[in-house]
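Hello,

Here is the structure I promised to pass on to you. Have a look at it first, and then read my notes underneath.

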Amino acid sequence: MRLVLLLSLLLPVACAAQPSAEPAEAKLLGALPVQLGPRPFFLVDDMQDGALKRDLQRCAATRPLYRPSQFSIGHRGAPMQFPEHTRESYIAAARMGAGVLECDVAFTRDKALVCRHAQDDLHTTTNILATPLAAKCTRPFTPAEFDAAGTLVRAASAECRTSDITLAEFKTLRGKMDAFNPRARTVTEYMAGTANWRTDLYSGPSSGTLMTHAESIELFKQLGVDMTPELKSPVVAMPFEGFSQQDYAQKLLDEYRAARVPARRVWPQSFNQADVLYWVQRGGDYGRQAVFLDDANTVADLPSAAELRNYRSQGIRIVAPPTFALLAVDGQNRIMPSQYARDARAAGLQIITWTLERSGILADGNNGFYFQTFDSAIRREGDVFEVIDVLAQDVGVLGIFTDWPATVSFYANCKGLR
């Protein structure tokens with residue numbers, strides 16, 4: 001009887017994993033059941049009473065297991081708690097039900113593709129400044145300066161690029177939480193800037209495993225998830241030693257072809273429209289799911305309805321704006337779809353959005369960039385589910401990038417989203 005019960009619990013999750021000829025470790029990773037942890041349930045308990053809360057409470061009380069969902073996209077893995085773009089962060093995101101994982105793609109001095117959020121972020125996302133490789137950084141660490149009264153007059157700074165070092169050197173580094181202390185007088189102080197609502201518990205020295213783009217592909221295959229690589233804008237002049245922007249965009253796709261990943265499982269992204277159009281026009285099947293990321297900082301920066309229609313006429317099918325672009329508030333201060341959201345859908349575009357679970361504590365107000373158009377409607381931590389619900393049911397997004405996938409995975413399971 002116990003064996004039958006165990007099989008009944010594990011079989012649905014195992015069936016959801018992609019078949020693979022990978023080694024035993026790969027099969028084990030792919031077969032792990034989704035483990036949401038306490039956060040989604042804390043958020044449900046914190047919601048204001050209403051139909052959505054009651055619906056999610058019923059789901060929490062009755063659902064025996066949870067499955068991965070493509071609606072839940074691990075933004076750099078699970079960086080609310082784990083160093084971004086590390087093996088540990090990716091596995092944590094998959095365990096929380098993320099059906100899609102992101103590798104932001106930068107390149108090293110020897111033009112190898114690696115997972116980093118920016119070409120010039122090694123000084124805040126790795127331990128490079130505490131290693132001999134600090135000598136190769138574009139700009140070495142400079143301590144903060146203060147006047148006689150103790151007022152900061154120049155913030156601490158550094159700049160270390162993936163293109164400063166080779167792939168072999170990159171692989172010697174360890175990931176840490178993306179942060180720095182502008183008041184630092186030493187490297188140790190500079191590296192200790194993690195926000196108090198995050199943690200350094202998973203930042204090494206035996207964890208924080210950095211990954212190449214190709215390694216991320218193999219890991220994601222093992223985990224049975226879809227893949228959304230983002231081609232990051234270079235900070236060096238292109239071509240870089242003969243490596244052009246088109247070479248860069250093409251190499252990203254070539255690594256999926258070499259790994260025999262079906263195009264339907266790859267969602268290449270870029271903020272550079274030329275990259276997206278290159279994939280659309282020359283990427284074959286891999287261009288069909290190319291995602292044009294919107295870099296708007298305010299509503300005034302968003303494209304017009306005519307511009308959105310032009311995207312679609314050029315072959316772009318999917319846009320990905322920041323969450324604030326898709327939401328507004330009505331006369332009763334309730335969250336609703338924005339004009340941009342309506343215009344994008346009218347233009348025939350599909351939508352993905354970024355990024356939830358990145359703004360810290362919500363109930364204290366002043367929630368910044370991602371909430372700027374609807375912050376007045378946010379009063380408690382549980383309101384994040386109201387945000388997800390409008391994005392899913394009213395805007396109709398394909399998926400949501402999140403720094404802690406368990407929350408979106410829980411909602412997706414409760415609402416039957418794939």
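Below is what I found, going from helix packing to strands, single buried residues and backbone oddities. Please keep in mind that this is a predicted model.

**Helices that pack together**

Let me start with helix α15 (residues 406–414), which packs against helix α14 (residues 384–395) at an angle of about 55°, their axes being 11 Å apart. These two helices are therefore oblique to each other, and α14 passes α15 in a right-handed crossing. On the α14 side the contact is made by Val 384, Phe 385, Ile 388, Asp 389, Ala 392 and Gln 393, and on the α15 side by Thr 407, Val 408, Phe 410 and Tyr 411. By type, the residues of this contact divide into seven nonpolar, two polar and one charged.

Helix α15 also packs with α3, here at an angle of about 70° and with the axes 8 Å apart. Angles of 65 to 115 degrees count as roughly perpendicular, and α3 and α15 are therefore described that way. The residues in contact are Arg 39, Pro 40, Phe 41, Leu 43 and Val 44 from α3, with Ala 406, Thr 407 and Phe 410 from α15. They divide into six nonpolar, one polar and one charged.

Next comes α3 (residues 39–46) with α4 (residues 51–62): the angle is about 145° and the axes are 9 Å apart. Their crossing is left-handed. Phe 41, Val 44 and Asp 45 of α3 meet Lys 53, Leu 56, Gln 57 and Ala 60 of α4. That contact divides into four nonpolar residues, one polar and two charged.

If you want to click on a few residues, try Phe 41 and Val 44, which belong to the contact of α3 with α4 and also to the contact of α3 with α15. Likewise, Thr 407 and Phe 410 take part in the contact of α15 with α14 and in the contact of α15 with α3.

**Strand β1 and what surrounds it**

How many residues of strand β1 (residues 69–74) are buried? Six of the six are, so the strand is largely enclosed by the rest of the structure. Three bridges join β1 to strand β2 (residues 98–101), and the two run parallel. Within this pair, Gly 74 stands opposite Leu 101 of β2.

Between β1 and α5 there is a loop that holds Arg 76. With a relative accessibility of 4%, Arg 76 counts as buried, the cut-off being under 20%. Leaving aside residues up to four places away in sequence, Arg 76 touches Glu 84, His 85, Ser 89, Tyr 90, Glu 102, Asp 104, His 117, Asp 178 and Arg 358.

Two of the residues touched by Arg 76, Ser 89 and Tyr 90, are also among the buried residues of helix α5 (residues 87–95). The others buried in α5 are Ile 91, Ala 92, Ala 93 and Ala 94. After α5 comes Gly 97, which has a positive phi, near 95°.

**A buried isoleucine**

Ile 400 sits in strand β17 (residues 399–402) and is buried, with a relative accessible area of 0%. Not counting residues up to four places away in sequence, it touches Phe 71, Ser 72, Ile 73, Thr 353, Leu 356, Ile 388, Leu 391 and Val 408. One of these partners, Ile 388, is 12 residues away in sequence and 8.2 Å away in space, C-alpha to C-alpha. Ile 388 and Val 408 are familiar from above, as both are in the contact of α14 with α15.

**Backbone features to check**

Two peptide bonds are cis. One runs from Gly 204 to Pro 205, with omega near 10°, and Pro 205 is in the loop between α8 (187–190) and α9 (213–223). The other runs from Trp 354 to Thr 355, with omega near -5°, and Thr 355 is placed in strand β16 (residues 350–356).

Is Arg 260 buried or exposed? Arg 260 is exposed, at a relative accessible area of 76%. It lies in the loop between α10 (245–258) and β11 (269–270) and has a positive phi of about 60° although it is not a glycine.

Glu 357, in the loop between β16 and α14, has a positive phi of about 60° too, again without being a glycine. Glu 357, however, counts as buried, at 11% relative accessibility.

Best wishes

How values were computed
Residues numbered from 1 in each chain as written. Predicted model: local features only at pLDDT ≥ 70, side-chain atom pairs only at ≥ 80, totals over all residues. Heavy atoms only, no water. Axes fitted to C-alpha atoms, helices over the stretch in contact; angles between N-to-C directions. Helix = DSSP H or I, 4+ residues; strand = E, 2+ residues; numbered from the N terminus. Parallel < 35°, antiparallel > 145°, perpendicular 65-115°, else oblique. Left-handed = near helix turned anticlockwise from the far one by under 90°. Contact = heavy atoms within 4.5 Å. Nonpolar A, V, L, I, M, F, W, Y, C, P; charged D, E, K, R; others polar. Buried < 20%, exposed > 50% of the residue type's maximum accessible area, 1.4 Å probe, protein only. Pairing = 2+ DSSP bridges.
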